Amino acid sequence: MQTAIQIQNVSFAYGSKQVLHDVSMDIPARQITAFIGPSGCGKSTLLRCFNRINDRIPGAHLTAGSILVHDIDINRRDIDLQELRRRIGMVFQKYNPFAKSIYENVAFSLRVEGRTKRSELDGVVENALRNAALWDEVKDRLHASAFGLSGGQQQRLCIARAIANQPDILLMDEPCAALDPLATLKIEELLMELKKQYTIIIVTHNMGQATRCSDKTAFMYLGKLIEYGPTMQLFENPQNPQTEAYVTGTFG
Amino acid sequence: MSPEESSAHPNPHRFQKRGFSYEQAIKYFFASNAGLTIVILAMIIIFLLKEGLGFFPGYQRELEVYRVAGLEFVDISRKNLTAHEQLSSVLNRAYYAEINGQSFRQMRRSQEASALFNSYTDQTGATRDLVLNNSRAAGDPNSEMLAALNANFETQKAKALSSLPPTPHLTAQERTSLIESIRARAIESTEDPPLVTTLAGEFAAAQQKFAEPLQGMRATIDAFAAAGADLSSLVSDMTATVTATKEKIQGADILEKDRKTLLAAAASARDPVEREKLISEAKASLADKPDIEGPIQTLLEHRPDCVRLHTALKETSGGILNQLPITLTQPEAARLLKVARNTWPLFIADLEKTPAAINAWKHDAPVPLTSAISSFLTGKDWVTGGEWQDFYGILPLAAGSLMISIVALSLAIPTSIGAAIYINQYASNWEQSIVKPVIEFIQAIPSVVLGFIGILVLGTVLRDISLLDSLHWVPGFPLTERLNIFTAGCLLALMSIPTIFSLAEDALNNVPSAYAEASEALGASRVQTTFRVVVPAAFSGILAAVLLGFGRVIGETMVVLLVAGNRIKIPDFSAGLGTFFQPCHTLTGIIAQELGEVPMGSVHYRALFVVGILLFAVVLTINATAHRFVNKMKH
């Protein structure tokens with residue numbers, strides 16, 4: 001099994017507040033890895049370290065360890081952040097399309113890269129929307145505002161936007177938290193499809209979702225990685241009593 | 001008590017409401033406060049309309065008198081005469097600009113030497129007079145006192161000599177010798193220092209030398225100026241006639257008004273004796289209808305003369321243009337000549353049309369109310385308190401307000417929005433904590449204080465800068481007016497920056513950070529995120545900020561009153577960008593300046609109210625539009 005991301009003894013802090021303590025794990029390529037754990041356990045922070053989007057927050061910094069994406073330490077000084085983020089797409093908890101047309105939302109990552117050729121963009125937009133299972137619903141109104149779509153459609157648009165530039169890795173921070181069960185189901189079906197092309201890491205509160213979709217699951221608690229293993233094993237035969245308590249619902 | 005009534009007032013139950021509670025009292029107190037503002041606003045609007053709308057009938061009557069008395073007839077000729085005078089003046093200015101431009105060096109040298117000497121005499125004049133007066137005093141001068149005065153003079157002299165103005169066009173040697181000659185000058189001497197005289201002589205000689213090749217132009221200009229003389233004397237003859245008629249009509253109008261007032265008083269008087277008295281007084285003040293036809297006929301007898309003189313003037317003027325030089329060497333002179341050349345065909349065309357207008361004019365054509373309204377809204381003259389005729393045309397004031405707003409906004413928009421983008425998107429916390437309060441602090445400066453900073457500092461500095469030789473290429477430099485559209489615009493820009501900055505910063509702040517985060521996660525740089533995602537999302541808010549800034553600029557009074565120069569005239573747009581360095585007057589400034597001095601209830605007084613209504617409507621529209629944009633952004 002190929003490894004996409006290696007996390008080596010990572011500790012992370014917002015200012016003086018330590019939120020991750022010595023986390024180490026390997027994330028396999030072209031599989032779905034789920035992070036579960038109670039609120040505030042650091043799973044989102046860890047996810048946000050992979051594309052260094054945490055850099056936006058003043059005072060956020062890695063205090064120890066390193067994160068290797070395809071064997072390159074992404075916290076080196078000479079990392080081109082824009083290029084890194086082109087390789088690692090991200091979908092957020094609350095769907096957040098820009099105040100632009102559907103077409104321009106999907107084409108955004110190419111435009112900022114300086115690729116503006118109409119014919120190229122047309123192809124990329126169609127492809128991305130098809131992969132996000134949205135094409136049939138929006139093909140007649142590509143140039144209408146993205147805000148006219150339903151919540152589930154907006155989230156799938158955000159997925160299309162994130163995969164338009166063919167990243168290697170897709171980070172998803174509770175992508176279904178703001179959606180109803182039907183829309184959630186659609187996204188989950190989509191994930192199974194996307195898994196063939198992308199390495200997907202998904203943060204979720206919904207343990208059902210983790211069992212349905214993911215190949216591997218990591219349970220985090222209070223900034224520490226408690227247990228990490230194949231999903232089936234983690235849910236059915238947890239090694240750690242804390243994990244067991246959490247997955248059986250006796251705490252959390 | 002019937003059963004219905006008893007069911008309407010049932011017996012108190014457990015949750016019975018008791019009377020007027022404390023909370024209700026508080027609620028009604030705040031409700032009355034909110035209601036009061038609405039009532040006051042309504043009263044202001046009613047008052048403005050009540051005072052203002054009487055303007056149009058009053059102005060209509062004034063225009064009627066203007067026509068009936070024949071002033072309008074005279075103005076047909078006078079308009080051409082004014083155009084003729086302006087053209088002569090432009091040509092003269094071109095002529096002198098050419099000469100002074102060529103003898104520029106000599107002119108500056110002479111001016112600088114005189115300025116240096118004047119600075120010396122200004123500073124020492126008072127002490128010098130003391131010495132001279134006392135030594136001339138009859139009998140024995142008090143030698144002790146005289147010595148003291150002399151010493152005082154010497155100190156002042158030394159002080160003056162150490163603080164002389166710079167003289168960039170004089171050589172160091174010349175400057176030294178000039179200072180030396182001043183130092184060595186006898187106290188009673190009244191002559192100018194030799195260098196000042198020499199340089200003045202050199203300047204005069206240079207002027208003469210450069211005037212030599214322009215003799216032809218001089219003669220042409222003089223011939224053109226002389227061509228208007230006959231028409232001018234005819235116009236002044238007619239002026240005397242029509243002014244007399246106008247006075248008669250106005251006198252009759254006043255008597256008529258008095259009579260109406262008396263009759264009204266009589267109608268409401270209770271005491272029959274009193275009423276009789278008032279009615280008889282009213283009868284006494286019944287004016288004779290003033291004779292209009294007679295003077296008008298005399299006036300109209302001038303028609304053939306008028307037509308003849310116009311035709312003559314047209315023929316003379318037609319030839320003048322070809323006799324003028326094609327172009328001149330000095331840029332300012334060439335520009336003025338070009339202005340004259342461009343206006344010439346208009347002038348000739350006007351002269352051409354005039355005879356027909358003179359013949360078609362009728363003194364008894366009616367003046368409808370609409371013409372009073374249109375002459376207010378599109379009138380190019382705001383003339384008040386004049387002997388001839390008052391005009392209330394709003395264009396000069398509106399143009400002034402607009403020009404100042406253009407300057408103010410074109411300075412304030414880039415500055416404040418740039419600052420807002422920087423502070424919101426890039427600045428560190430400590431930069432924010434310094435810049436935001438400082439920008440908002442500008443708002444705390446009273447506008448009258450800004451006004452006098454504008455007069456004393458900005459106006460003076462700008463004028464001094466404009467005198468630099470290296471800046472001659474800037475249109476409008478050197479400045480002829482220290483207070484102008486540009487100085488007022490600069491200060492208003494400063495005043496509107498806090499408004500635009502704060503609101504634009506709020507608008508940027510209201511863009512959800514999820515947008516910026518998503519954009520960066522897609523590989524956009526900070527700058528791309530700012531300009532492709534954040535600014536477009538905040539666009540309607542920023543637009544609202546600009547509009548509210550515009551509302552602030554157009555409504556500001558004190559600064560423009562102090563700094564805009566207050567010349568009531570549509571700016572001369574032929575000066576290109578130099579137009580912005582002309583003085584102007586504004587809608588707000590005119591109200592502040594004139595309302596205190598006009599008689600209450602007069603047409604002029606009401607005209608100012610209409611200006612106020614207009615201003616109110618403009619600012620209200622701007623603010624309403626801005627709020628619409630803000631609401632649009634919230635959804």
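Start by selecting Val461(B): at 42% relative accessibility it is partly exposed. The model on screen is a predicted one. Val461(B) belongs to helix α18 of chain B, which covers residues 447-466. Now widen the selection to Phe452(B), Ile453(B), Leu456(B), Val457(B), Ile465(B) and Leu468(B). Together with Val461(B), these residues make a nonpolar patch on the surface. The accessible area of the patch adds up to about 600 Å².

**Aromatic pairs in chain B**

Next, show the aromatic rings. Over all chains, the count is 24 aromatic pairs. Zoom in on Phe55(B) and Tyr59(B): the ring centres are 5.1 Å apart and the planes meet at 20°, so this pair is stacked. Under 30 degrees is the cut-off for that label. Both residues sit in helix α3 of chain B, residues 55-68. They are four residues apart, about one turn of the helix. Phe55(B) is buried, and Tyr59(B) is buried too.

Step to Phe56(B) and add Phe376(B). Here the centres are 5.8 Å apart and the planes stand at 90°, so the pair is edge-to-face. This pair links distant parts of the chain, with the two positions 320 residues apart. Phe56(B) is in helix α3 of chain B, while Phe376(B) is in helix α15, residues 369-378. Which of the two labels, buried or exposed, fits Phe56(B)? Phe56(B) is buried, at 13% relative accessible area. Phe376(B) is buried as well, with a value of 1%.

Now select the whole group. Phe55(B), Phe56(B), Tyr59(B) and Phe376(B) join Trp382(B) and Tyr392(B) in one aromatic cluster.

**Charges over rings**

Stay in chain B and select Arg78(B) with Trp388(B). The charged end of Arg78(B) sits over the ring of Trp388(B), 4.1 Å from the ring centre. Then jump to chain A for Arg161(A) and Phe98(A). The charged end of Arg161(A) lies over the ring of Phe98(A), at 4.5 Å from its centre.

**Salt bridges**

Turn to the charged pairs. Opposite charges on side chains can pair when the charged atoms come close. Over all chains, the structure holds 36 salt bridges.

Select Arg118(A) and Asp122(A). Their closest N and O atoms are 3.7 Å apart, and the two form a salt bridge. Both lie in helix α4 of chain A, residues 118-131, four residues apart, which is about one helical turn. Arg118(A) is partly exposed, with a relative accessible area of 43%. Asp122(A) is also partly exposed, at 35%.

Move on to Asp136(A) and Lys139(A). Their side chains meet in a salt bridge of 3.9 Å, N to O. Asp136(A) is exposed, at 60% relative accessible area. Lys139(A) is partly exposed, at 40%.

Now pick Lys186(A) and Glu137(A), another salt bridge, 4.0 Å from N to O. Lys186(A) is in helix α7 (residues 181-194) of chain A and Glu137(A) is in helix α5 (residues 135-138), so the bridge ties together parts that are 49 residues apart in sequence. Lys186(A) is partly exposed at 39% relative accessibility. Glu137(A) is partly exposed at 30%.

For the last stop, show both chains. Which residues join Arg56(A) in a network of salt bridges? Select Arg85(A), Glu520(B) and Arg526(B): these are linked with Arg56(A) in that network.

Terms used: Residues are numbered from 1 along each chain as its sequence is written. Chains are lettered from A and ligands numbered from 1 in the order in which they are written. This is a predicted model: local features need pLDDT of at least 70, side-chain atom pairs count only at pLDDT 80 or more; totals for chains, interfaces and linings use all residues. Side-chain values use heavy atoms; hydrogens and water are left out. Rings of Phe, Tyr and Trp (its six-membered ring) pair if their centres lie within 6.5 Å; planes under 30 degrees apart count as stacked, over 60 as edge-to-face and the rest as tilted. Buried means under 20% relative accessible area, exposed over 50%, partly exposed in between (1.4 Å probe, protein chains only). A charge sits over a ring if NZ of Lys or CZ of Arg is within 6 Å of the ring centre and within 35 degrees of the ring normal. Patches are made of residues with over 30% relative accessible area and no salt bridge: like charges are joined within 9 Å, nonpolar side chains (Val, Leu, Ile, Met, Phe, Trp, Tyr) within 5 Å. Accessible areas come from the Shrake-Rupley method with a 1.4 Å probe; for residues, only the protein chains shown count as cover.
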